Amino acid sequence: VTPNVTAASQFVDPRHAETMTVAEMATSVRQILSGDVPALSRYPDDLPHVCVERVYRVFGAPARAVFHDALLLLLQRIEPLELTQDSDWIDELLLLISATLPESAAKERAISLLMHLYSLTDRTSLLAMRALASLIALRYRAPPDYWKSIYNVPNERLAQIVIRGLALWSLDEVFAWLSEIYWADESLAALRATMPLFLQDFGPEALQPRLEFLLKRIAAEQRRKLTTLCEAIGLVMSSKELTTTTTKLPRRVRVTRERAESLRLQLDSWTATGDPSQTRQLLVEAQSVLDSSACVAALEREATRALTESDYPKEYIKHLVSVTFWYVDEYGSLLGADTSLRLASLALANENAVLAPQERMRRIVDSVEEAANYDDEERR
Amino acid sequence: MTEPSLFHLVLSAGLEPRSARIRGALFQVTLASPVGDRMYHNLLLEPHRSASDWNELITKLSEISGDIIETLKVVRDFCGGNPAPKRIGTGPQAKISSTVFGRVIPFESFCAILLKEGYHVEMAQARATVRAMLRRALDRFPEDWKRYPLGMYLMWSTFRPNEPDPFPETTTGGDLLSALGIERTSASGTILAFRYTLPTSIVPRVPTFCDAYAGPVWNPYFRVPPFGAEHGRVRPVGLHERRGAGEVVHEVITASLLAAPLEELP
């Protein structure tokens, strides 16, 4: 009997596992994960890591500590060549790490080893995705931009990883990202796979407004599919939100540098002289392809011009004001309070400038009364 | 007329020079695991392989040093092959009159299959989805859920002849699991019960040695059905059950073939 197999036999008996060293435990676990030594289960389609985890669950604290170190040892010793040639046991190891290390003292060390492993993998391989998934299982809060940066091709599993990585920060991060990316069936499938967990963790009240936010930013075909998904999970989107979205979105294509550049030029030269619906369309696309700052800069520039140029036509001011209020209403949650307030103040200032004196006075009285009522309510 | 068993061949006089060595190698396997001896006996008694199959295994076993790991690899390759399944799911067609089949599986094991197969990237996602499945009527299953596999590699299913419910009638959940050969431990968690139909393209078969020992996980309660058996039979756990439930193997099916909502056994 070789010592290795003896160790593996001992491992399946927790009483023996209590006396094993880190190296012995690592050898045993590796043999079971790679199928060299059989694990036992009434369910022959059980996965080796599930069988090992079951044994681990009955370990005492000392054996668990040895087990954690054994997993780190195995992770550390993975050779780059193994990543391409003999990767199934590594896949099982990563699943085992995800199941057993989240609450352990070995978690931080595991995270840095997983990051290193990910750097060695082919980024499109299943193993790379499993390494990222293990980071999420260990609740590694990489910056949101990190998760966004790994999504370089439309891929359902990758999209799930980004969604889960961003969800470690907030739901807003998830839905802001979903509204920014090229929206394809992969994105929908990833969201669908995650929805039961979101419903369980955040509840329908938190999901509904964010889904409505997203529905307004995706193409018609995908919007229809997402609406069906919402209905399937029992979320009824408000009919107002769905029917009043008249902005016709352009067909989404992969974001290219040329397209971004073209949109930036359009925003730079934009004036409030055209059709408001075209302006909204431009802002929707720019918001998804570029970022908020480009849209905000264009609106602020034009608002300042309207306030300072005495010959700025009144009908253009009305256009500017309506578009600015629409924009703040649509994207306020992404802009933040300061930017939203700044844009709204500029729009109000421009609106006041074009109001007749009686109308302006009526609004001032209304706002004073509203403030007084608010104060009364606060005092009560 | 029955097929020869390995037992007959290995012990036959003509093979005697190799016999001791092969038996020595296989005996090592009995030490590799607490149920290695059962595997050894099942191998010797398996009635559904041809003489040429056994000669292939004997030749392979006689070419190795007798190291346990090497021996196990030879047996696994003989059964499963790599990558294509060679002798898995090749037992005789089961002679049964059931239309509804069933299996039980730990909640966590089913979630792990969904994770391994790439339907989810995180156990938390898989668990939440399976919990949602438990609350949902079958006709309201989204298309994604219908594509979920109900097992991996090969499915082991139980049945009751001419009965709509495949699971044995028992008074308690514990007795049911006992009849299905399942030991409850605190580490195994709750158990899911699936009830499903099989399309005509999927044939239920009598389980064989290769079905039980080709993979990285061994079924400790498997016993080789005798030659001519109409189906397999689970080795029950505990003292109360005298007879285990009927058992067959077949290709993995998806949740689209579920005949009843998922059930969680306490």
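## A buried charge pair in chain A

D46(A) and R54(A) are both buried, and their side chains meet in a salt bridge, with N and O 3.0 Å apart. Keep in mind that this is a predicted model. R54(A) is one of the buried residues of helix α4(A), which spans residues 48–57 and has 9 of its 10 residues buried. The others on that buried list include H49(A), C51(A), E53(A) and Y56(A).

P48(A) sits in this helix too. It counts as buried because its relative accessibility is just 4%. Leaving out residues up to four places away in sequence, P48(A) touches I32(A), L33(A) and E92(A) in its own chain, plus P216(B) and V217(B) across in chain B. Its C-alpha atom is 30 Å from that of L166(A), a residue 118 positions away along the chain.

## Chain A as a whole

Chain A has 22 helices and 1 strand. Of its 380 residues, 52% count as buried. If you take contacts with a separation of 6 or more, 67% of them come from residues 24 or more positions apart.

For a salt bridge inside a single helix, look at E221(A) and R224(A), whose closest N and O atoms are 2.9 Å apart. The two are 3 residues apart in helix α15 (residues 220–232), so about one helical turn separates them. E221(A) is partly exposed at 42% relative accessible area, and R224(A) is partly exposed as well, at 47%.

## Where the two chains meet

On the chain B side, 56 residues are in contact with 47 residues of chain A. Together the chains bury about 4200 Å², and 57% of that is on carbon and sulfur atoms. K116(B), V121(B) and V217(B) supply 17% of the area chain B buries here, more than any other three residues.

The polar side of the story has 21 residue pairs in polar contact across this interface. Several elements of chain B each supply at least two residues to the side touching chain A, among them α2, α5, β1 and α6. Helix α7(B) gives the most, with 6 residues. By type, this side of chain B divides into 33 nonpolar, 12 polar and 11 charged residues.

The chains also share strand pairing: β1 of chain A (residues 39–40) and β4(B) run in the parallel sense over 2 bridges. Within β4(B), W218(B) is the bridge partner of L40(A).

## Salt bridges across the interface

The whole structure has 30 salt bridges over all chains, and 7 are found across the interface of chain B and chain A. One is D45(A) with R103(B), where the closest N and O atoms are 2.7 Å apart.

Another links K116(B) and D88(A), at 3.3 Å from N to O. K116(B) lies in helix α6 of chain B and D88(A) in helix α7 of chain A (residues 88–100), so this pair joins two chains. Their surroundings differ in cover: K116(B) is buried at 12% relative accessible area, while D88(A) is partly exposed at 47%. Both also belong to a network of salt bridges with shared partners, which takes in D91(A), E92(A) and R130(A) as well.

## A chain B residue that reaches chain A

E247(B) is in strand β6 of chain B, which covers residues 246–250. At 5% relative accessible area, E247(B) is buried. Setting aside residues up to four places away in sequence, E247(B) touches R42(A) from the other chain, and its chain B contacts include W156(B), F159(B), H231(B) and R233(B).

Methods: Residues numbered from 1 in each chain as written. Chains lettered and ligands numbered in written order. Predicted model: local features only at pLDDT ≥ 70, side-chain atom pairs only at ≥ 80, totals over all residues. Heavy atoms only, no water. Contact = heavy atoms within 4.5 Å. Buried area = accessible area lost by both parts, 1.4 Å probe. Salt bridge = Lys/Arg side-chain N within 4 Å of Asp/Glu carboxyl O. Polar contact = N/O pair within 3.5 Å; in protein donor to acceptor, adjacent residues only side chain to side chain. Helix = DSSP H or I, 4+ residues; strand = E, 2+ residues; numbered from the N terminus. Nonpolar A, V, L, I, M, F, W, Y, C, P; charged D, E, K, R; others polar. Pairing = 2+ DSSP bridges. Buried < 20%, exposed > 50% of the residue type's maximum accessible area, 1.4 Å probe, protein only.
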